[in-house]
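Open the model in a viewer and keep the selection panel at hand. The stops below are meant to be taken in order.

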Amino acid sequence: MDAASAPPVVALEGLTKRYRSPLHLAVEDLTLDVRDGEIVCLLGPSGCGKTTLLRLIAGFETPDEGRVLLAGREVAGPTTWVAPDRRRIGFVFQDYALFPHLNVLHNVAFGLRGGSRADREARAAEVLDLVGLTIFAGRFPHQLSGGQQQRVALARALAPAPTVLLMDEPFSNLDAALRGSTRDEVRAILKRTGTTAVLVTHDQEEALTFADRIAVMRSGRLEQEGAPEAVYLRPRTAFVASFLGRTNLLRGEAFGARARTGLGDVVLSKPAKGQVMLSVRPEALAFRPGGEGLPVTVLQREFKGHDLTYTCQSAVDTALRLVVQTTADCPVRVGDVVPVALDGVAVPLEGSTGRATVGASTA
Ligand code: ADP
Ligand code: MG
């Protein structure tokens, strides 16, 4: 079977999970595939059901409706149940969960079954080499940094060569300096080993940099999935637009490829008709000193080092506020009145006005 016809490594079909006490619909009718070698990030606010979804894949929870398939084999469904230890899944938790009394090599060897002790330790040594921790094999967890401990946890999860690796907020206990470098190392290891992985995070930047594909969840439902660029640049809803960074939500009257807005006539990313809500990223707006555009008064200027973020008010309609992001050397100051124009497309959002009709996606 070639890669194109092989079943996805993970297939979730119409999964629903209700907790009984307290009664809570944690995951609702969720369908998602994860393909071989792919890294999918589940992104969403706290409480939206990310951990529950991972636990359903792992078999720590039973679905109320729907099915879980691993490499084409049903492991949970109306009439099927395969126990967690029979699913060949690796799990990395937020708090590493290493055994304090075992050294690194023995922590990694712990999850291995079968073969002789020497075989298991040889495999553990091989995986430690893979994650660049060979020199720490004899150390105990308390003798390692948080980032190193998390790589040991990763090695332990990878040692049995799982079908899929599930990671629940694995970097959130690391301080900011270690988080970025550990994330890059872990991503490189997953790619080098061709590991299929699902990572849970509530951090949009982490999802954008780590994922091959992002699945945005909201209140137990899948709101949008796609490549990081696609989800960021072409959000389907106001929720996705706002969760993946700052955005301007503009009302407009659409007529096909364009719409009339407070910013003037703008080009749309896809055709729409009637009353629409549009997402315009701050970096898609530009000041045009002495040029054409909507005159705005600059209310606030935030210097961020690599860029500048301005909050402005339309000089025509004081209810219209716009956030504009520029390069760090922009000379515009608080109190200036400058024309602003759209330097790209506006994205029509679904479900943001009752009357909106958004055309078929061309994104
Ligand atoms: P996330 O990982 O996205 O923060 P969770 O999957 O942990 O979200 O939780 C989703 C929702 O289900 C939350 O509202 C949470 O309070 C609730 N929940 C989680 N676990 C249980 C449980 N064992 N019993 C009842 N409710 C739960
Ligand atoms: Mg969680």
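The tour covers confidence, the ligand site, a helix beside it in the selection list, and one glutamate.

**Confidence**

This is a predicted model, so begin by colouring the chain by pLDDT. The protein chain has an average pLDDT of 92, and 96% of the residues reach at least 70. Now select residues 354-363, where the pLDDT is below 50. In the model this stretch still has 20 contacts beyond near neighbours in sequence. Where pLDDT is low, the predicted coordinates should not be read in detail.

**Ligand 1**

Next, select ligand 1 and show the residues around it. How many residues surround ligand 1, and which are the closest? The shell holds 13 residues, and the closest are Gly47, Gly49, Lys50, Thr51 and Thr52. Sorted by class, five of the shell residues are nonpolar, seven are polar and one is charged.

Then display side chains and check three distances to ligand oxygen atoms:

- Thr52: a polar side-chain atom is 2.5 Å from an oxygen atom of ligand 1.
- Thr51: the corresponding distance, again from a polar side-chain atom to an oxygen atom of ligand 1, is 2.8 Å.
- His24: an N or O atom of the side chain is 3.1 Å from an oxygen atom of ligand 1.

With a surface switched on, ligand 1 taken alone exposes 560 Å², of which the protein buries 65%. Two elements give two or more residues to the shell: strand E2 (24-34) and helix H1. Helix H1 supplies the largest share, three residues.

**Helix H1**

Select residues 50-58, which form helix H1. Is H1 largely enclosed or left open by the rest of the structure? It is largely enclosed, because seven of its nine residues are buried. Those buried residues are Lys50, Thr52, Leu53, Leu54, Leu56, Ile57 and Ala58. Two names recur from the previous stop: Lys50 and Thr52 are among the residues closest to ligand 1, and both are on the buried list of H1. Step on to Gly59, just after H1, and read the backbone torsions: phi is positive, at about 95°.

**Glu206**

For the last stop, select residues 204-210, helix H6, and pick out Glu206 within it. Is Glu206 buried or exposed? Its relative accessibility is 4%, so Glu206 counts as buried, the cut-off being under 20%. Show what surrounds this side chain's residue: leaving aside residues up to four places away in sequence, Glu206 touches Phe171, Arg179, Arg183, Leu199 and Thr201.

How values were computed. Residues are numbered from 1 along each chain as its sequence is written. Chains are lettered from A and ligands numbered from 1 in the order in which they are written. This is a predicted model: local features need pLDDT of at least 70, side-chain atom pairs count only at pLDDT 80 or more; totals for chains, interfaces and linings use all residues. Side-chain values use heavy atoms; hydrogens and water are left out. Buried means under 20% relative accessible area, exposed over 50%, partly exposed in between (1.4 Å probe, protein chains only). Helices (H or I, at least four residues) and strands (E, at least two) are DSSP runs, numbered from the N terminus. Contact means heavy atoms within 4.5 Å. pLDDT is the predictor's confidence in each residue, from 0 to 100. A residue is near a molecule or strand if one of its heavy atoms lies within 4 Å of it. A polar contact is a pair of N or O atoms within 3.5 Å; within protein, one must be able to donate a hydrogen and the other to accept it, and residues adjacent in sequence count only if both atoms are side-chain atoms. Accessible areas come from the Shrake-Rupley method with a 1.4 Å probe; for residues, only the protein chains shown count as cover. Ala, Val, Leu, Ile, Met, Phe, Trp, Tyr, Cys and Pro count as nonpolar, Asp, Glu, Lys and Arg as charged, and the others, Gly among them, as polar.
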